[in-house]
Amino acid sequence: MTFDPPVTCPVCEEVLELDRELEDHLVEKHTQREVARYVVSREDRTEPEALVR
Ligand SMILES: [Zn+2]
C-alpha cells in the first residue's frame, strides 16, 4: 500500500487529492499565462532556500 501525500497547486496553493488532478486543475482553473508566469518566477530563483534564510 502506498500513500500519496496531498498535492498542492503551485499557482493558487489549493490542495489537490491526486497528482494527476494537478494537470486537470492547471488546465481548467488556470490560464496558460498564469502557469507560465509561475514557471518564469520560479526559474528566476536559482536557490529558493537562500531566500528563506
Ligand atoms: Zn490552482
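This passage describes the fold of a predicted model and the surroundings of selected residues.

The protein chain contains three helices and two strands. Along the sequence these elements follow the order β-β-α-α-α. Of the 53 residues in the protein chain, 0% are classed as buried. The residues described below are accordingly partly exposed or exposed, as stated for each.

Val-7 belongs to strand S1, which covers residues 7-8. Because 16 other C-beta atoms lie within 10 Å of its own, a count between the limits for exposed and buried residues, Val-7 is partly exposed. In sequence Val-7 is 15 residues from Leu-22, whereas in space the C-alpha atoms of the two residues are 7.4 Å apart.

Leu-22 is located in helix H1, comprising residues 19-29. Leu-22 has 17 other C-beta atoms within 10 Å and is therefore partly exposed. When residues up to four places away in sequence are not counted, Leu-22 touches Val-7, Cys-9 and Leu-16. A separation of 8.0 Å was also computed between the C-alpha atoms of Leu-22 and Thr-8, which are 14 residues apart along the chain. Helix H1 thus contributes, through Leu-22, a contact to Val-7 of strand S1.

The loop between S1 and strand S2 (15-16) holds Glu-13. The phi angle of Glu-13 is near 65°, a positive value in a residue other than glycine. Glu-13 is exposed, because its C-beta atom has 7 others within 10 Å, and a residue with 12 or fewer is assigned to that class.

Tyr-38 lies in helix H2, which extends over residues 32-44. Tyr-38 counts as partly exposed because it has 16 C-beta neighbours inside 10 Å. With neighbours within four places in sequence left aside, Tyr-38 is in contact with Pro-10 and Val-11. Tyr-38 and Pro-10 are 28 residues apart along the chain, and their C-alpha atoms are separated by 7.7 Å.

The geometry of helix H2 was examined as a whole. At 1.5 Å a residue, the 13 residues of H2 should span 18 Å, and the end C-alpha atoms are 18 Å apart, so the expected and modelled values agree. The number of buried residues among the 13 of H2 is zero, and H2 therefore lies largely in the open. An α-helix has 3.6 residues a turn, so residues three or four places apart point the same way.

Technical notes. Residues are numbered from 1 along each chain as its sequence is written. This is a predicted model: local features need pLDDT of at least 70, side-chain atom pairs count only at pLDDT 80 or more; totals for chains, interfaces and linings use all residues. Helices (H or I, at least four residues) and strands (E, at least two) are DSSP runs, numbered from the N terminus. A residue is buried if 20 or more other C-beta atoms lie within 10 Å of its own, exposed if 12 or fewer, and partly exposed in between; C-beta atoms are placed from the backbone. Two residues are in contact if their C-beta atoms, placed from the backbone, lie within 7 Å. The expected span of a helix is 1.5 Å times one less than its number of residues.
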